[in-house]
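Colleague: Before I accept the labels attached to this model, I should like to see the reasoning behind them.

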Amino acid sequence: MQLDPDSLDDILSDNPLNITCLSDAPVVCPDVATRRGTLYPGNHPYPLMLNLSWSDQEQTVLPAGETLQLMAAFKIPELPEQYQQAGCVPQGVLIDGSPTATSANLTFYFIGFAEQTTKLSGDASAADDRWRGVQIRVNYTRCTQDLAITQTIVDASGNPIASPTVPADRTVRYAVTITNPAVSGPLALPRLTEAFSPAVVEAVAVCDPALSTGGAVCPTGTFAAGTRYLADGSTAAIASGDPQLDITWGEAGEPTLPAGSSVTFLIEAQYPAELATVATAVATAFDAAPGSPFPLVSDSDAIAPTASSAILSIRKSVSPIAPNPGDTVSFVVDLLNAGDAATSASFSDPLHPDLAAANPGGFANVVCTPITAGMGVLDGPLGDTPCPVLSSDATGIQAAIPVFAPNSGLRITYTAIAPEAITSAPNIASIYADADLATAADRSAWVNFIVRPVAVDPPDTDGPGLAATGVEGSLTVSALVAGLVLLLGGGLLVATRTIRRRRQSSE
């Protein structure tokens, strides 16, 4: 890395215009000052820092033999952000082209214009202009000790994962090791921070004493994201935008991390359910003691969500399709996976409001059976997906399927009572590849049943007529049958389809 102090951008952004004119009459001090003048474009490698001008351009501002003296104060820019907390620049980082230099030149150019026209843009007599560069020597503190940090994504047992992806539960585990090399001196107040992007739902860290080496002191307790833990045992809230984990331990003047020692933290972080891009965690370590000779070091890991390769489908049927009010209606739902395993699938079938009054407790007689070869639904050797726990209440049926095996399926049957009102009762069941996210693998099936109108016997009459012969009743039945035929012809009575549907917030 090159530490380049020659750019004026940082100086200009950090400093207000703070100019004092030291000259007296007959010299006229400038009354207008602007930042970054552009009167001398391209003639030297640095931009003009200030443009001084006089509002009355007809006056003589600098008589012959007089001197215009200006004084300006500027703040030297801070160290780059990655070195500010440690307060020193690590060995090997180039300063002024050198990996060991402790200072660099910062050059200011002062340009004097002999005359500026009022009608033309540009200098009227550039040959008479004078400019001079002034160099300011900026000193930097070099870190005289060394420090190292490594971060690895691990499994629940602490073993490194070769090609990690974000698991279904969005929980990622990291092992962070801070090492004080043997060539360094003792480190008194080590500080560890962990910045997650995107911000995690929660995270905890523990220091494992069994993994500490060389007499390093491991802080005790569990450290939660959102709280800054100080060495004296007190805590403070973490400001928005700061690393979510922040732990300082040890005691000033004590060898908390002796030379040649190390400590290892195990961090468990849960990323948000809506994570759809790469998640990054940056671990940083340095000595929190003021004036420490130790550098700030960091390591990071990026991990992406698992792309679902499951091939899900769902089939749903209902019987009877035209029940009488109060009849029992039976549903059969087949959940199928013809692709790779889905590790966080879920199933839902909300109870439609039209069915709520007749079914206050939700669907009844809920039964799950694994799909077998004899059912003729799937070909080839079948995988084994155990039936999940099915929850049925007034909102409908829900089930989490932790592992939906390849080429396997589940058949779920349940019943409902047809309502008293004449209605077409829709019913949508869905299978999701991920319990928290809408994905391209999600599927839904929709089926309706229609409640029959109750046929009313016509009143008896004394005279001949259609009603007396029962023809009117026949017409009622015929009209119902015709209506059913029309509905069936239009595909409105029973429709089972596979569609993509984004998760509703109520689910």
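The exchange below concerns aromatic pairs and their surroundings.

Modeller: This is a predicted model, in which local features need pLDDT of at least 70, side-chain atom pairs count only at pLDDT 80 or more, and totals for chains, interfaces and linings use all residues. Residues are numbered from 1 along each chain as its sequence is written, and side-chain values use heavy atoms, with hydrogens and water left out.

Colleague: Why is the pair of Phe-331 and Phe-363 called edge-to-face?

Modeller: Rings of Phe, Tyr and Trp (its six-membered ring) pair if their centres lie within 6.5 Å; planes under 30 degrees apart count as stacked, over 60 as edge-to-face and the rest as tilted. The centres of Phe-331 and Phe-363 are 5.8 Å apart and their planes stand at 80°, so this pair is edge-to-face.

Colleague: What makes Phe-331 and Phe-363 count as buried or exposed?

Modeller: Buried means under 20% relative accessible area, exposed over 50%, and partly exposed in between (1.4 Å probe, protein chains only). Phe-331 has 1% relative accessibility and therefore counts as buried; Phe-363, at 4%, also counts as buried. Both belong to one aromatic cluster with Tyr-414 and Phe-449.

Colleague: How do you know that Lys-316 lies over the face of Phe-331?

Modeller: A charge sits over a ring if NZ of Lys or CZ of Arg is within 6 Å of the ring centre and within 35 degrees of the ring normal. Lys-316 lies over the face of Phe-331, at 4.9 Å from the ring centre.
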